[in-house]
Amino acid sequence: MIDLLNEQANFNGAVQIVQSTKSGKGDLINEQQGLYHVVLNGIKNGNTFEETRLITCVNGAVNPSEDYQAYLKTAENPDLKFVISNTTEIGITFNPKDTFN
């Protein structure tokens, strides 16, 4: 979404990925200087389509379990305007100490 906004609306946004698992994929993103391809398959105007897109808006990835200070440092960025989370059920756990207060 950010990549498309940059391209089509001159948004000029960047993404800092926070890796929530220990899979090591953040290291791969950093090795590629934030660049990666995504393949989209779907139906557009009643026709099937496939599109491969180079994503260029990622600044890098940080893993809090490996470098907690770097993770905290991301919040100090004066240009930070949005926090977007795609945490799924794997990242959500019940904590009986949580309250609504």
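**Exercise 1. In which loop is the place of asparagine 45?**

Solution. Asparagine 45 sits in the loop between E2 and strand E3 (47-55). Helices (H or I, at least four residues) and strands (E, at least two) are DSSP runs, numbered from the N terminus. This is a predicted model: local features need pLDDT of at least 70, side-chain atom pairs count only at pLDDT 80 or more, and totals for chains, interfaces and linings use all residues. Residues are numbered from 1 along each chain as its sequence is written, and side-chain values use heavy atoms, with hydrogens and water left out.

Next, the backbone. Asparagine 45 is not a glycine, yet its phi is positive, about 55°. Most residues other than glycine have a negative phi.

Then the exposure. Asparagine 45 has 75% relative accessibility and counts as exposed. Buried means under 20% relative accessible area, exposed over 50%, partly exposed in between (1.4 Å probe, protein chains only).

**Exercise 2. Find the place of glutamine 33, then give its phi and its exposure.**

Solution. Start with the place: glutamine 33 belongs to the loop between helix H2 (25-31) and strand E2 (36-44). Its phi is near 55°, a positive value in a residue other than glycine. Glutamine 33 counts as exposed, at 67% relative accessibility.

**Exercise 3. Give the order of the elements, then judge how spread out the protein chain is.**

Solution. Count first: the protein chain has 3 helices and 4 strands. From the N terminus on, they run α-β-α-β-β-β-α. The radius of gyration is 17 Å, well over the 13 Å that the globule rule gives for 101 residues, so the protein chain is more spread out than a compact globule. That radius is taken over C-alpha atoms, and the rule is 2.2 Å times the number of residues to the power 0.38.

Now the spans. Along its principal axes the C-alpha trace covers about 50 × 30 × 30 Å. Of the 101 residues, 15% count as buried.

Last, the contacts (heavy atoms within 4.5 Å). Among those with a separation of 6 or more, 50% come from residues 24 or more positions apart.

**Exercise 4. Describe the aromatic pairs of the whole structure.**

Solution. The search finds 2 aromatic pairs. Rings of Phe, Tyr and Trp (its six-membered ring) pair if their centres lie within 6.5 Å; planes under 30 degrees apart count as stacked, over 60 as edge-to-face and the rest as tilted.

Take phenylalanine 11 and phenylalanine 82. Their pair is tilted, with 6.4 Å centre to centre and 35° between the planes. It links distant parts of the chain, 71 residues apart. Phenylalanine 11 lies in the loop between helix H1 (2-9) and strand E1 (15-18), phenylalanine 82 in the segment after helix H3 (68-74). Phenylalanine 11 is partly exposed at 35% relative accessibility. Phenylalanine 82 is exposed, at 58%.

Now tyrosine 68 and tyrosine 71. The ring centres are 5.7 Å apart and the planes at 45°, so this pair is tilted. The two tyrosines are 3 residues apart in helix H3, about one helical turn. Tyrosine 68 is partly exposed, with a relative accessible area of 47%. Tyrosine 71 is partly exposed at 30%.

**Exercise 5. Which residues does phenylalanine 11 touch, not counting residues up to four places away in sequence?**

Solution. Apply that sequence filter. Phenylalanine 11 then touches Ile2, Leu5, Asn6 and Phe82.
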